[in-house]
Structure formats: C-alpha cells, structure tokens
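Trainee: Please take a close look at one part of this model, the strand pairing, and set out what lies around it. I would like a single connected account.

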Amino acid sequence: MLQQIFALQESFDCSFSKRTTVPHVHHYRDENISDMFSSNFSQIYDAPDEGWIKSYIARQLQDAKERGLGHLKATLHPSLPFSDELSCLLLIADRAQKETT
C-alpha cells in the first residue's frame with residue numbers, strides 16, 4: 001500500500017513538473033513558473049549515507065545563492081531510512097535561503 005502512495009505522489013509531481021534524474025536525486029522543474037515552490041524542487045530518493053545528503057544540501061544551497069534563486073526546496077523520499085534530523089536540516093537550509101534572499 002505504501003508503495004502505491006509513493007507512486008501516486010510521483011505521478012502527481014510529474015503532472016506539474018518535468019522530472020530529470022541524476023544519481024540519487026530527482027529534479028522537478030517547471031520553467032513556466034520557476035518561482036513556484038511546489039513545482040521546482042529536488043528529491044533525494046537514494047543516498048549512500050547521511051553525510052552525502054548533508055553535503056548535497058550544502059552544495060544546493062550554495063548554488064541557489066549564487067544563482068539568486070528565491071527558494072530552495074529539497075526533500076527526502078519517505079522510504080529513506082534516515083533520521084528525522086535530516087528532515088529538520090532541510091527545513092533549516094530552506095529558512096536560511098529565504099533569509100538571505
């Protein structure tokens with residue numbers, strides 16, 4: 001049942017955004033509404049370890065600052081076995097991005 005929910009969410013996201021996939025990450029983008037938070041984000045669907053995720057978030061935050069983006073949204077796929085601490089880290093990174101723009 002849980003896998004069906006994950007598939008439904010993925011279908012929903014792909015209905016509103018173009019998805020590209022690189023190792024460990026799906027990037028969802030809608031160039032027509034690039035400032036819309038819910039249609040422009042990255043989802044980490046697989047990762048070697050928590051350190052990789054932290055490093056990825058730091059790189060994405062730096063890239064967003066350099067490009068002058070108004071937001072950065074990165075999510076962890078709910079099936080990842082990582083702690084809630086990393087979800088909190090994503091929220092902190094998002095808040096930091098908003099405060100600097």
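Mentor: Strand 3 and strand 4 run parallel, with three bridges between them. Strands are DSSP runs of E of at least two residues, helices runs of H or I of at least four, both numbered from the N terminus; two strands pair if DSSP finds at least two bridges between them. Within this pairing, Gln-43 has Thr-75 of strand 4 opposite. Strand 4 covers residues 74-76.

The model is predicted, so to speak of a local feature requires pLDDT of at least 70 and side-chain atom pairs count only at pLDDT 80 or more, while totals for chains, interfaces and linings use all residues. Residues are numbered from 1 along each chain as its sequence is written, and side-chain values use heavy atoms, with hydrogens and water left out.

In the whole protein there are three helices and four strands, and the order from the N terminus is α-β-β-β-α-β-α. A helix therefore stands between the third and the fourth strand in that order. Buried residues, those under 20% relative accessible area (1.4 Å probe, protein chains only), account for 33% of the 101 residues. Of the contacts (heavy atoms within 4.5 Å) between residues at least 6 apart in sequence, 49% join residues at least 24 apart.

How are the two faces of strand 3 covered? On one side Phe-41 and Gln-43 are buried, and on the other Ser-42 and Ile-44 are buried as well. Strand 3 spans residues 41-44. Ile-44 also serves as a reference point for two distances. Pro-78, 34 residues from Ile-44 in sequence, has its C-alpha 9.5 Å from that of Ile-44. Val-22 is 22 residues from Ile-44 along the chain, and their C-alpha atoms are separated by 9.8 Å.

Pro-78 itself belongs to the loop that connects strand 4 with helix 3, residues 84-100. Pro-78 counts as exposed because its relative accessible area is 56%, where exposed means over 50% and partly exposed lies in between the two limits.

Strand 3 also pairs with strand 2, this time in the antiparallel sense, over four bridges. One of the facing pairs is Tyr-28 with Phe-41 of strand 3. Phe-41 is thus named both in this pairing and among the buried residues of strand 3. Strand 2 takes in residues 25-29, and four of its five residues are buried, which leaves the strand mostly covered.

Strand 2 is in turn antiparallel to strand 1, with five bridges joining them. Thr-21 faces His-26 of strand 2, and Val-22 has Val-25 as its bridge partner in strand 2. These two strands make a hairpin with two residues between them.

His-24 is in the turn of that hairpin, that is, in the loop between strand 1 and strand 2. What is the phi of His-24? The angle is near 80°, positive although the residue is not a glycine. Most residues other than glycine have a negative phi. His-24 counts as partly exposed because its relative accessibility is 22%.

Val-22 is in strand 1, which covers residues 18-22. Val-22 counts as partly exposed because its relative accessibility is 36%. Setting aside neighbours within four places in sequence, Val-22 touches His-27 and Tyr-45.

Taken in order, the pairings give one route through the strands. Strand 1 is joined to strand 2 by five bridges in the antiparallel sense, strand 2 to strand 3 by four, again antiparallel, and strand 3 to strand 4 by three in the parallel sense. For burial, strand 3 has buried residues on both faces and strand 2 has four of five buried, whereas Val-22 of strand 1 is partly exposed and Pro-78 in the loop after strand 4 is exposed.
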